[in-house]
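Reader: I should be grateful for a close look at a single part of this model, namely one sheet and the loops and residues that accompany it. Please treat it in one connected account.

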Amino acid sequence: QVQLVESGGGLVQAGGSLRLSCAASGRIFSINAMGWYRQAPGKQRELVASITSGGSTNYTDSVKGRFTISRDNAKNTVYLQMNSLKPEDTAVYYCNARLTTLTNWTPYDYWGRGTQVTVSS
């Protein structure tokens with residue numbers, strides 16, 4: 001019913017930039033919050049940044065000042081601009097959306113399949 005498709009990952013040198021995109025599609029009624037999580041090998045998945053439908057944002061401390069999350073509500077798309085990348089940012093990045101569908105008005109979390117970001121030193 002609902003799909004989240006990420007794009008924009010890849011390999012970059014330390015200090016470089018990448019922009020991730022995630023488009024939600026399907027029988028969506030409304031999207032509340034959208035966000036990006038990441039999971040490095042051997043570590044738990046952690047929240048990187050989130051944004052509400054009204055545009056309020058939240059960032060984990062380690063990316064503040066380097067990453068910027070934004071969204072296009074008309075396109076059901078969320079972006080993550082990542083600047084000044086560090087090797088410790090290497091992880092699989094997952095898109096998340098808390099949304100309601102045309103057939104279920106209870107908010108539910110949907111996830112993308114993930115996109116690999118690798119930062120070389």
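Author: Two strands are said to pair if DSSP finds at least two bridges between them. The model discussed here is predicted. In β8, the residue that forms the bridge partner of R71 is V78. That bridge can be placed in the pairing of β7 with β8, which is antiparallel and extends over six bridges.

These strands belong to an open sheet of four strands, ordered β1-β3-β8-β7 with antiparallel pairing. At its edges lie β1 (2-7) and β7, each of which pairs on one side only. From one strand to the next, the twist averages 15°.

The loop between β7 (67-72) and β8 (77-82) contains N76. Although N76 is not a glycine, its phi is positive, near 50°. N76 counts as partly exposed because its relative accessibility is 25%, which falls between the limits of 20% for buried and 50% for exposed.

Beyond β8, the loop between β8 and β9 (91-101) holds S84. S84 is likewise a residue other than glycine with a positive phi, near 50°. With 41% relative accessibility, S84 is therefore also classed as partly exposed.

A further residue to consider is S50, located in strand β5 (residues 46-51). Its relative accessibility is 19%, so S50 counts as buried; the cut-off for that class is under 20%. Apart from neighbours within four places in sequence, S50 is in contact with M34, G35, S56, T57, N58 and I69.

How values were computed: Residues are numbered from 1 along each chain as its sequence is written. This is a predicted model: local features need pLDDT of at least 70, side-chain atom pairs count only at pLDDT 80 or more; totals for chains, interfaces and linings use all residues. Side-chain values use heavy atoms; hydrogens and water are left out. Helices (H or I, at least four residues) and strands (E, at least two) are DSSP runs, numbered from the N terminus. Buried means under 20% relative accessible area, exposed over 50%, partly exposed in between (1.4 Å probe, protein chains only). Contact means heavy atoms within 4.5 Å. Axes are lines fitted to C-alpha atoms, for helices over the stretch in contact, and angles run from 0 to 180 degrees between N-to-C directions.
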